[in-house]
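Biologist: I would like a close look at a single part of this model, taken slowly and with every term spelled out. Please choose one sheet together with the helices around it, and explain how they are arranged.

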Amino acid sequence: MLENITVSPSPHISRPLSTRRVMIDVIIGLVPAVAAAGYYFRVYALILIPTCVISAVATEWLCNLIRKKPNSLGDFSAVVTGIILALSLPPGLPAWAAVIGSCFSIAIGKMVFGGLGANIFNPAMVGRTFLTACFGMLMTSWMVPATVDSTMPKIAPTEVSTKTIVDARTQATPLALSKQAIKSKSEAGVVNEQLEATFTGGIGGCLGETSALALLIGGIYLFVRRTINFHIPLAVLAAAFVFAAIGYAVNPQAYIWPMSHLTSGGMLLCAFFIATDPVTAPLTRKGMWIFGVGVGAITMLIRIVGEYPEGIMYAVLLMNAVTPLIDRFCRLVPAGGRPEEIKN
Amino acid sequence: MNYKLQTKAKFSESKTSLFSKRRREPSHPASVSFPGGTHPPGSKELTRESKIQPGPAGKQVAIMLSQHIGAICEPLVEKKQQVQAGQKIGDCDAFVSATVHSPVNGKVKEIALRSHAVLGRGPAVIIETEPENNPPKQPCSAKFTSDFNDDSYSAEQIRYAVRQAGIVGMGGAGFPTSVKVEPNPKAPKEAMIVNGCECEPYITCDYRIMLEWTNQIVAGVKLARKAAGCSEVFIGIEDNKPEAIEVMNTALKTSANSDGIKVVPVKTKYPQGGERQLIKAILKKDVPTGGIPPMIGVLVLNVATTAAIAEAVVTDWPLTHRVVTVTGEGIVNPGNYYVPIGTSVAELIEFCGGLREEAVRIILGGPMMGIAIADLTTPTTKTTGAVTVLTEKQIGGAKFAGIQTPCIRCGRCLEACPEHLNPTKIAHAVKNNLLDVAESYYISACMECGCCSYVCPANIELTGYIKTGKILLARQKKKIPQ
């Protein structure tokens, strides 16, 4: 009977929660956004999302094979990366470009560092940045959602005044319009009129970023499941809101409403799903606040002052880079105080 | 400067309020608690209702000469010498030490090494018993009634009796009680906390003695209070034991001279029974890191310890027996037993109907902090509150198989840590042999409660790494030879 007895360090029980379960929760949280993408962009979503997921999973499998490491697909983190990357791509991006992006995400963004838990940068954002650098044109062509009547006048920087149809398939995103308005010192009010569309998702933009509602639902699910805590999302959104509000207060003509900034672009996807990636975010609460405020502030700096209409991915990557530093400076104080301070 | 301090205090206040909202605590308005911790399943229903029964009358007992923190005792008996139950068989002159006694009548077989849960191996006096000469010892709780008065005992008398009886903290750490109750002019004791939390899953020995030996505990509390010279006493009991809270309250109401003794319900949360956590919950004070409760004028005693004090002072009988919960899904007849200290685990298991087929782990103590043993001849000690036998189902498939996945830095261990440490940083520093980094993250402040390992989704043995790190550090400082 004793041959079955084993020993191990305490504790001898553990909470039935695995990394796989955490990742599955993130995937469930992404379902509303994926559904919204399917609703608004139909066949493009159907092509892009599976393409990204399959190529991300295949790349991880291949990397493990080459490095002679045990298979790590069971943790589903590659699936999460694939979905998030797909959701942050323009709907009309050709599938081959998406494949390149996913491969780069996984291979260079994650596996070269040693796989899950070892990467410094958010893999999906690494892939997206790579695609933006390589295929700038493709990454900035925005398709009109299928739910929007294709014959209706498209809003694009040059067409705002004339309201003539130039291209039936693409349109500028609210953020592009905003940037245009800032640069040309023209009216940005038209973007504010789109607030409702940016909330529901019937507007041009990245595949999964257009519908703020779907992302909110997914985010709330993650809160309820305690997969993420509120610090980072709140810090990102609050910082972005404050910066946007300052801009709006300075010049309400050229700068769009703060709420429009929050609902458009990748802000919500970032706040709930990208910035909260635990691997690349700080460990401590204080660190999370700093990280979140950094992401929100840098994003808004790029959106308002910078050259690009959208700055989420750069903001996330920049803050990822300083995460080890944040962790170092935001150490926890033991419950009984720091021993070295007690002695003095 | 003042302004800065104020904002800081405000910030931490708001942080704790947000924190407590985030956790799903059982809503008990009166209960107090500490930040952090976790909620493992209680699993106490196995032995909750089982009354304290006399334990096995074994053929042999092995009395460890070190059952406490402090100097190891020297044996006072020789091979083949006859000993009486209650006879002192080991003593030490050191201040921090506790005497050991024979629980049985019998003959010393030898003084040999036995497996020890904490020390690995240690010297023990092995006594062969004479079954016909050893009727099972009855608990002395019947001697105590609600009109017990401590006036007839002086503080010196109580302290002497405690020292002579070899009483140690019976909650698990085993710090000699005589040292604890000794008044220290530099740090007068203001409050005494009696620990009836029993936050560790499965274990019910303290719960049962609170129900069955209520008056003895109240008597012990009064005596300990007198010996330590403090006025206020708080008896902390987790709110998942409402019956215990009730009987203790009733006993205090009817008892004479019980002013200043108060039962405090505390939240059911692991590790509520850790003394630092209990002090935080009841007195809202932090024990300094690396310090001990007397530094802030607090004395913490386990309920079983107070019962032992009452027995030692009133009946002049040393600590030779204790209640042990033999429990877990891997044991045939779980229950609470009053056993001679020194009974081997094998005898206890056999007495309880043996192991089930599925039993895979035998633990001295509970599943969170207990120590898994492979040698069933390991004797029980004064600090053994339970023998828990688990099956693979309770341990969990992945944990049992030892499958650890990479850390995803989710921070759950940081939130669960009751000492506000960074378990993942410490564990990974130890793993990479960076002991100085582990030290800079306050590895020595860890009390090894196991919360971090329990909550880790990647199944990383964080507590195991931290324990290893502490041993390596001690070796580095030449405290323990290689």
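Modeller: What follows is a walk through one sheet of chain B and two helices beside it.

This is a predicted model, in which local features need pLDDT of at least 70 and side-chain atom pairs count only at pLDDT 80 or more, while totals for chains, interfaces and linings use all residues. Residues are numbered from 1 along each chain as its sequence is written, and chains are lettered from A and ligands numbered from 1 in the order in which they are written.

The setting comes first. Chain B has 16 helices and 17 strands, these being DSSP runs numbered from the N terminus (H or I of at least four residues for helices, E of at least two for strands). The C-alpha trace of chain B spans about 70 × 50 × 45 Å along its principal axes. Its radius of gyration is 22 Å, which agrees with the value near 23 Å that a compact globule of 482 residues would have; the radius is taken over C-alpha atoms, and the globule rule is 2.2 Å times the number of residues to the power 0.38.

The sheet itself is open and consists of four strands of chain B in the order β11-β10-β9-β12, with parallel pairing, where two strands pair if DSSP finds at least two bridges between them. At its edges stand β11 (261-266) and β12 (298-302) of chain B, each with a single partner strand, so one side of each is left without a neighbour in the sheet. Direction ignored, neighbouring strands of this sheet are turned by 25° against each other on average. Strand β10 (residues 232-238) of chain B is joined to β11(B) by six bridges, and the two run parallel. Within this pairing, Gly236(B) has Val264(B) of β11(B) as its bridge partner.

Two helices pack on this sheet. Helix α5(B) touches β9 (191-196), β10, β11 and β12 of chain B, and its direction makes about 150° with that of β9(B). Helix α6(B) touches β9, β10 and β11 of chain B, and its direction makes about 170° with that of β11(B). Such touching is judged by contact, which requires the C-beta atoms of two residues, placed from the backbone, to lie within 7 Å; the angles run from 0 to 180 degrees between N-to-C directions, with axes as lines fitted to C-alpha atoms, for helices over the stretch in contact.

The helices also meet each other. The axes of α5 (residues 214-228) and α6 (residues 242-254) of chain B come within 10 Å and cross at roughly 60°. The pair α5(B) and α6(B) is therefore oblique, given that angles under 35 degrees count as roughly parallel, over 145 as roughly antiparallel, 65 to 115 as roughly perpendicular and the rest as oblique. The crossing of α5(B) and α6(B) is right-handed, in that the near helix is turned clockwise from the far one by less than a right angle, anticlockwise being left-handed. On the α5(B) side the contact is made by Thr214(B), Asn215(B) and Val218(B), and on the α6(B) side by Val247(B), Met248(B), Ala251(B) and Leu252(B). Sorted by class, this contact of α5(B) with α6(B) has five nonpolar, two polar and no charged residues, where Ala, Val, Leu, Ile, Met, Phe, Trp, Tyr, Cys and Pro count as nonpolar, Asp, Glu, Lys and Arg as charged, and the others, Gly among them, as polar.
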